[in-house]
Amino acid sequence: MGSLVLVLFWLFGELGFVETFVAITTFAGLSTFYYLTVSTTLNASSMPSAVRVAHPTDAVAASADVMLQHLPIPVMLIGPGGRIEMANPAAREFLGLGALEGHLSSVLRQPRVIEAVGAALQGEKVQPVEYATLAPVESHVRAIIAPIQPTGDSVPHWRAMLVLADETSIKRADRMRADFLANASHELRTPLTSLAGFIETLRGHAKDDPEARERFLAIMFDQTERMSRLINDLLSLSRIEMDEHVPPIGDVDLTVLAGEVIALLGPQTADKKIVLSLEAPEPARVVGDRDQLMEVLQNLIENAIKYAPVDSGVLVRIEPAQSRDQVERPAPILGDDAGRLTLAAPKSGPGERYIAVRVRDSGPGIKRRDLLRLSERFYRVSGQKSGASEGTGLGLAIVKHIVNRHRGGLTVESVPGGGSVFSVFFPTVTKAGVEADRP
Ligand SMILES: Nc1ncnc2c1ncn2[C@@H]1O[C@H](COP(=O)(O)OP(=O)(O)OP(=O)(O)O)[C@@H](O)[C@H]1O
Ligand SMILES: [Mg+2]
């Protein structure tokens, strides 16, 4: 009967296939569990269909119990008056339940869920109830409730199954996708609007003014460059995200790579009279994808050049292999007042060694409260000057994804007015040619 209700929910689109499957399995388990442990006398004709199909034996009942105990989804059986008769460990953890005793309304302060459970206890079919909580952290839950027919109790009572499906990560992913689309289209619309404005002017009063035309064309060129940079960054981000779960297999010498990136950025350093120096041991081999590591170094060094004042120095330092703690928390480089934050970190075991690349500039620095948002897509610290062409705010988001794929880390140390040090670290190539951090 309960399974039928769930199948109907699924057919009418109220529940997803996985939810339905989990709920039916749970329901079958619960019914069996209930049949063998709670009910005293049994009347075959009033048994729930799931129990009849299962022909429970002691072994089946034991399996159903194990299933419930290990199911990572909170499941409860609510008895007459809203009393919690059974709660699996996931439910107890979710609701912070100690002993089994207690009433649902005292542990779950969600009037709509309590009301729906009340209706199910009268034998009514009820729709799933969604609710959100904001404290201690924002979470979204879908409560699936099904009435369970009275069985052989001396005084028959309906019971209710309550499943609490945590949908927080689904909701968060949905919102991130929506924000991302809104941001991306906003970022593209700004240069497009400005292009349309200039074209209009060129067709109108600037038509016969060669000087104005040259000036406007130069701005239009900058705007189209910005759009193509943005599109390239977006494509790069989606490519990296797509294979983030596939660990890289190459063997890359970061010293050689940093030298190549520095040569590539020659024109930008010359424009700002920046002295870019490299301090590096030889060799500094890490496991990685050469092109992606190049993108990481290029982004960090380009940022240092972009935000550093004219006529200053940028230092790229590559440190010999060290432990995770040493690369993530070195002695402060910019002094004790500097804000420090880890933006990405690997899950690493003991004995793993990493090579760090630190890029230090004497730019404006970043306030502590802005550090946390640095690797967010499209985030730019407000009021910061980065030269003629403004960045897209995607560079560090790309760096973070590449670093995650490489099982590496990304940290920042910064003092407002005193410069910044952005560091990345990657697992070294071991003697056997296998990286330290591969599963
Ligand atoms: N070295 C730095 N010094 C000061 N602020 C920095 C530095 N690096 C990054 N930032 C701040 O962090 C923000 C995000 O950096 P990110 O590299 O993601 O974007 P961007 O440089 O603005 O654009 P893009 O790299 O996509 O061209 C920057 O807009 C800037 O405000
Ligand atoms: Mg950048």
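Two residues are taken to be in contact if their C-beta atoms, placed from the backbone, lie within 7 Å, and helices (H or I, at least four residues) and strands (E, at least two) are DSSP runs numbered from the N terminus. The structure is a predicted model, in which local features need pLDDT of at least 70 and side-chain atom pairs count only at pLDDT 80 or more, while totals for chains, interfaces and linings use all residues. Residues are numbered from 1 along each chain as its sequence is written, and chains are lettered from A and ligands numbered from 1 in the order in which they are written.

On this basis, helix H8 (residues 168-203) meets helix H9 (residues 210-242) through Ala-184, Glu-187, Leu-188, Pro-191, Ser-194, Leu-195, Phe-198, Thr-201 and Leu-202 of H8, set against Arg-213, Phe-216, Ile-219, Met-220, Gln-223, Arg-226, Met-227, Leu-230 and Leu-234 of H9. By class, this contact has 12 nonpolar, 3 polar and 3 charged residues, where Ala, Val, Leu, Ile, Met, Phe, Trp, Tyr, Cys and Pro count as nonpolar, Asp, Glu, Lys and Arg as charged, and the others, Gly among them, as polar. Two packed helices are described by the angle between their axes and the distance between the axes. The axes, which are lines fitted to C-alpha atoms (for helices over the stretch in contact), give angles that run from 0 to 180 degrees between N-to-C directions. The axes of H8 and H9 come within 10 Å and cross at roughly 160°, which means that H8 is roughly antiparallel to H9. In this classification, angles under 35 degrees count as roughly parallel, over 145 as roughly antiparallel, 65 to 115 as roughly perpendicular and the rest as oblique. The crossing of H8 and H9 is left-handed, a term used if the near helix is turned anticlockwise from the far one by less than a right angle, with right-handed used if clockwise.

An open sheet of 5 strands follows the order S2-S1-S5-S4-S3 with antiparallel pairing, two strands being paired if DSSP finds at least two bridges between them. Strand S2 (83-87) and strand S3 (129-133) form the edges of this sheet, each pairing on one side only, and neighbouring strands are turned by 30° against each other on average, direction ignored. S3 is joined by 5 bridges to strand S4 (residues 139-148), the two running antiparallel, and Glu-130 has Arg-142 in S4 as its bridge partner. Helix H7 (residues 111-120) lies across strand S1 (75-79), S3, S4 and strand S5 (159-166), and runs at about 10° to S4.

A further open sheet, of 6 strands, has the order S7-S9-S11-S13-S12-S10 and mixed pairing. Its edge strands are S7 (275-279) and S10 (339-344), each of which pairs on one side only, and its neighbouring strands are turned by 15° against each other on average, direction ignored. S7 and strand S9 (residues 313-323) run parallel and are joined by 5 bridges, with Ser-277 standing opposite Leu-315 in S9. Helix H12 packs on the sheet, where it touches S9, S11 and strand S13 (419-427), and its direction makes about 20° with that of S11. Helix H10 lies across S7, S9 and strand S11 (353-361), running at about 165° to S9.

The axes of H10 (residues 254-264) and H12 come within 10 Å and cross at roughly 55°, and the two helices are therefore oblique to each other. H10 passes H12 in a right-handed crossing, and their contact comprises 8 nonpolar, 1 polar and 1 charged residues. H12 also packs with H15, at an angle of about 145° and with the axes 9 Å apart, in a left-handed crossing.

Around ligand 1 there are 22 residues, the closest being Arg-380, Val-381, Gly-391, Gly-395 and Leu-396, where a residue is near a molecule if its C-beta atom, placed from the backbone, lies within 6 Å of it. Helix H12 (290-307) and helix H15 (395-405) are the elements that give two or more residues to this shell, and H12 provides the largest share, 4 residues. The shell divides into 10 nonpolar, 9 polar and 3 charged residues.

Two local backbone features were also found. The peptide bond from Glu-282 to Pro-283 is cis, with omega near -15°, and Pro-283 lies in the loop between S7 and strand S8 (285-287). Asp-311, in the loop between H12 and S9, has phi near 65°, a positive value in a residue other than glycine.
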